[in-house]
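Trainee: Hi, could you walk me through this model? I'd like to start with backbone oddities.

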Amino acid sequence: MSQPVPESNNPADVRMRGFVQRSTVDEVLAWLDGVLAPLARELVPIVTAGGRVLAEDVMAGCDVPGFERSMMDGYAVVAEHTLGAAPYQRIRFSVVDQSLPGRPAKCSIDRRSAIRIMTGAPLPAGADAVLPAELTEVDGDDIWIQGEVSPGKNVGRVGEDIGRGSVILPATRRLRPQDIGVLSSVGVAEVLLYRQPKVRIVVTGDELLPAGTTPSGYQITDANGPM
């Protein structure tokens, strides 16, 4: 009758034997790079894409902004017509319309006229600058201009934030909340991402009780599994 092999002589028993060899973290990462392949790709709505990794470059299909817009509250004007204006040499302008975000002015600008405009609103036809409200004094339907502006002053140009055809997010980027906002701003509804890895954790030990069990006697409850 054969006798059981003592655990201390069992080749499969590695307890109390230490490590035969050790590897550095860099060596392990290099080994992983050599044996692992990229995961499959899948289309995911941007509203659930946060924290995921892009599988391809994302290019802008439009300009942001897509129109010239005011960068502050004030009055859209022709810059040339404001030359020489100062607190001691005011120039009177007629206010002929207003431009609001999503609701552009219907009138165009001509000499000595202005259009009241809000931040983010479309720049009216004929205007090339925005005079800050602080440099004006309202007088009924008119304003007194007390300062001058140069062409393009306080105006956001087409494509100033994002240009059509530019790469806005590169492949392998882990998407942050602000990236989701950028994607939405150029009309992207879905992005191609790498599939999330599936991980299995095996926790062993004769002394372990199932998670959530009260420790009893010489046995302890599994804490690593649920963690």
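Trainee: Is Asn154 buried or exposed, and why?

Mentor: Asn154 counts as buried because its relative accessibility is 16%; buried means under 20% relative accessible area, exposed over 50%, and partly exposed in between, with a 1.4 Å probe and protein chains only. Asn154 also has a positive phi of about 65 degrees, though it is not a glycine.

Trainee: And what about Thr172, buried or exposed?

Mentor: Thr172 counts as exposed because its relative accessibility is 58%. Its phi is positive too, about 75 degrees, and Thr172 is not a glycine either.

Trainee: What should I know about the source?

Mentor: This is a predicted model, where local features need pLDDT (the predictor's confidence in each residue, from 0 to 100) of at least 70, side-chain atom pairs count only at pLDDT 80 or more, and totals for chains, interfaces and linings use all residues. Residues are numbered from 1 along each chain as its sequence is written, and side-chain values use heavy atoms, with hydrogens and water left out.

Trainee: What is the chain's average pLDDT?

Mentor: The average is 91, and 96% of the residues score at least 70.

Trainee: New topic: which residue lies over the face of Trp144?

Mentor: Arg90 does, at 4.5 Å from the ring centre. The cut-offs are NZ of Lys or CZ of Arg within 6 Å of the ring centre and within 35 degrees of the ring normal.

Trainee: Which peptide bond is cis?

Mentor: The one from Val64 to Pro65 is cis, with omega near -5 degrees.
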